[in-house]
Amino acid sequence: MSEAALKALGLVKTYHNGREEAKVLKGVDLRVDKGELVAIVGPSGAGKTTLLYLLGGLARPDAGSVEVGGVLLTGLDDRTLSRHRNQRMGFVFQSHHLLPELSALENVALTLRVGGKTEAVAALGAKQLLQEVGLGMRLNHKPGELSGGEQQRVALARALVSGPDLLLADEPTGNLDRGNAESVFELLKESARGRAQAVVMVTHNEALAAQADRIVRMQDGAII
């Protein structure tokens, strides 16, 4: 049996708005192995993004547990959890969230600098990742000087630069045309297979989801 990079058991999440409450997740279990790319699909409001946030420790469940790289996230204090996210998890969102005043190289290197690496080591790691995603000639360009597809590849390089066990992607191709969407998806697949990482991608793109190792369908806060 393959080694699990991610284990989630019994995840429950409820949001409150005054006297009203919405149970967004209703006891979700999920395991993703190293080297596996899993696509999570389902209608809007199914709980896909909430699940992704709980898996990444960006929000805490009301019940249940999440384990990434053998570490139980739900038992960590905020500071330790933040450090574990920086070192062992990568995130790619529909909007790239790049810092506009920094170059592509600086945006990617920042992740390593936050993790305690020296400026030289961080720059070297960032350069290598940007070359791998096809942006070796765009290192010193700022986000405003890059196309949408290039910006998303910078965001992907930033997510990969720390060598995470788990890569979480929320609609990473949602703002891209078909060609760029397929290019970014191919990079996600290469990341799973080449780096033996677990990749979990939320998407509405059924054509891309069909190319994943496994499709997980959600509806009304549960996996169906």
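**Close-up views of a predicted model**

**View 1. Strand 1 and strand 2 pair side by side.** In this predicted model, strand 1 (residues 4-17) and strand 2 run antiparallel and are joined by 11 bridges. To find your place in the pairing, look for His16, which stands opposite Glu21 in strand 2.

**View 2. The sheet is an open one.** Let's widen the view to take in the other strands. The sheet has 4 strands, with antiparallel pairing, in the order 2-1-4-5. Which strands stand at the edges? They are strand 2 (20-33) and strand 5 (71-72); each has a single partner strand, so one side of each has no neighbour in the sheet.

**View 3. Helix 1 lies across the sheet strands.** Here you can follow helix 1 (residues 48-55) as it lies across strand 1, strand 2 and strand 4 (63-68). Helix 1 runs at about 120 degrees to strand 1.

**View 4. Helix 4 has a buried side.** The buried residues of helix 4 are Ala122, Gly125, Ala126, Leu129 and Leu130. They cover an arc of only 130 degrees around the axis, so they lie on the same side of helix 4. Here is a handy rule: an α-helix has 3.6 residues a turn, so residues three or four places apart point the same way. The buried residues of helix 4 pack against helix 3 (104-114), helix 5 (148-160) and helix 6 (178-195). On the face turned away from the buried side, you will find the exposed residues Ala120 and Leu124.

**View 5. Helix 4 from end to end.** At 1.5 Å a residue, the 14 residues of helix 4 (residues 119-132) should span 20 Å, and the end C-alpha atoms are indeed 20 Å apart. Helix 4 is followed by Gly134, which has a positive phi, near 85 degrees.

Conventions:
Residues numbered from 1 in each chain as written. Predicted model: local features only at pLDDT ≥ 70, side-chain atom pairs only at ≥ 80, totals over all residues. Heavy atoms only, no water. Pairing = 2+ DSSP bridges. Helix = DSSP H or I, 4+ residues; strand = E, 2+ residues; numbered from the N terminus. Contact = heavy atoms within 4.5 Å. Axes fitted to C-alpha atoms, helices over the stretch in contact; angles between N-to-C directions. Expected span 1.5 Å × (residues − 1). Buried < 20%, exposed > 50% of the residue type's maximum accessible area, 1.4 Å probe, protein only. Arc of directions from axis to C-beta.
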